[in-house]
Amino acid sequence: RHRLAPAAGGLHGFALVRPPGHHAVPAGPMGFCIFNTCSIAVRHAQQAHGVRKVAVFDFDVHHGNGVQDVFAADPDVLYISTHQEGAFPGTGRLDEVGEGGGEG
């Protein structure tokens, strides 16, 4: 069983996730992704382990529109995506920087 180890005032962890499911949106599957496993893991860490701040770094040729949709207004989750401009699903423009409390 894997556990997050307490360190320097809080919990710290790192995960390499494949497949990320990063195209699955809250309304349902998209782009061969049934479940948004990345977003599920983030919410699990927050709710079951008390992790407050999370950064998701998505390194893929495609923008993870589903992860962005889930956390766009969440000030406790920073989503960073490196992807090829114009590739599927056509999202992830430079002006997409979150919304409401999650903007920035």
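This passage describes the fold, the salt bridges and one pocket of a predicted model.

The secondary structure of the chain consists of two helices and four strands, which follow one another along the sequence in the pattern β-β-α-β-α-β. Of the 104 residues in the chain, 31% are buried. Among contacts with a separation of 6 or more, 53% join residues that stand 24 or more positions apart. The accessible surface of the chain amounts to about 7,200 Å², and carbon and sulfur atoms contribute 60% of that area.

Six salt bridges were counted in the model. One of them is formed by the side chains of Arg 43 and Asp 74, with an N to O distance of 2.8 Å. Arg 43 belongs to helix H1 (residues 37-49), whereas Asp 74 is placed in the loop between H2 and strand S4 (77-82), so this pair ties together parts of the chain that are 31 residues apart in sequence. The two partners fall into separate accessibility classes: Arg 43 is partly exposed, with a relative accessibility of 27%, while Asp 74, at 12%, is buried because its value is under the 20% limit.

A further salt bridge is found between Arg 52 and Asp 76, whose closest N and O atoms are 3.3 Å apart. Since Arg 52 lies in the loop between H1 and strand S3 (54-59) and Asp 76 in the loop between H2 and S4, the pair ties together parts that are 24 residues apart in sequence. Arg 52 is exposed, with a relative accessible area of 55%, whereas Asp 76 is partly exposed, with a relative accessible area of 23%. These two residues also take part, together with Lys 53, in a network of salt bridges. The loop between H2 and S4 thus holds both Asp 74 and Asp 76, the former paired with Arg 43 of H1 and the latter with Arg 52 of the loop between H1 and S3.

A salt bridge is also present between the side chains of Glu 96 and Arg 93, at 3.0 Å from N to O. Glu 96 is partly exposed, its relative accessibility being 21%. Glu 96 is in addition one of the residues in contact with Gln 68, which, when neighbours within four places in sequence are set aside, also touches His 63 and Tyr 79. Gln 68 itself is part of helix H2 (residues 65-71) and is buried, with a relative accessible area of 18%.

Several of these residues recur in the description of the second largest pocket, which has a volume of about 560 Å³. The lining of this pocket comprises 29 residues, and those that lie nearest its centre are Gln 68, Tyr 79, Arg 93, Glu 96 and Val 97. The elements that give two or more residues to the lining are H2 and S4, and S4 gives the most, with five residues. By class, the lining of the second largest pocket is made up of twelve polar, ten nonpolar and seven charged residues. The residues nearest the centre of the pocket therefore include both partners of the salt bridge between Glu 96 and Arg 93, as well as Gln 68, which counts as buried at a relative accessible area of 18% because the limit for that class is 20%.

Key. Residues numbered from 1 in each chain as written. Predicted model: local features only at pLDDT ≥ 70, side-chain atom pairs only at ≥ 80, totals over all residues. Heavy atoms only, no water. Buried < 20%, exposed > 50% of the residue type's maximum accessible area, 1.4 Å probe, protein only. Contact = heavy atoms within 4.5 Å. Areas by Shrake-Rupley, 256 points an atom, 1.4 Å probe, with all protein chains shown as cover. Salt bridge = Lys/Arg side-chain N within 4 Å of Asp/Glu carboxyl O. 1 Å grid on protein atoms, 1.4 Å probe; cavity = no way out; pocket = protein on both sides within 12 Å on 5 of 7 lines; lining within 4 Å. Points joined across faces, edges and corners; volume = space filled by probe spheres on them. Nonpolar A, V, L, I, M, F, W, Y, C, P; charged D, E, K, R; others polar.
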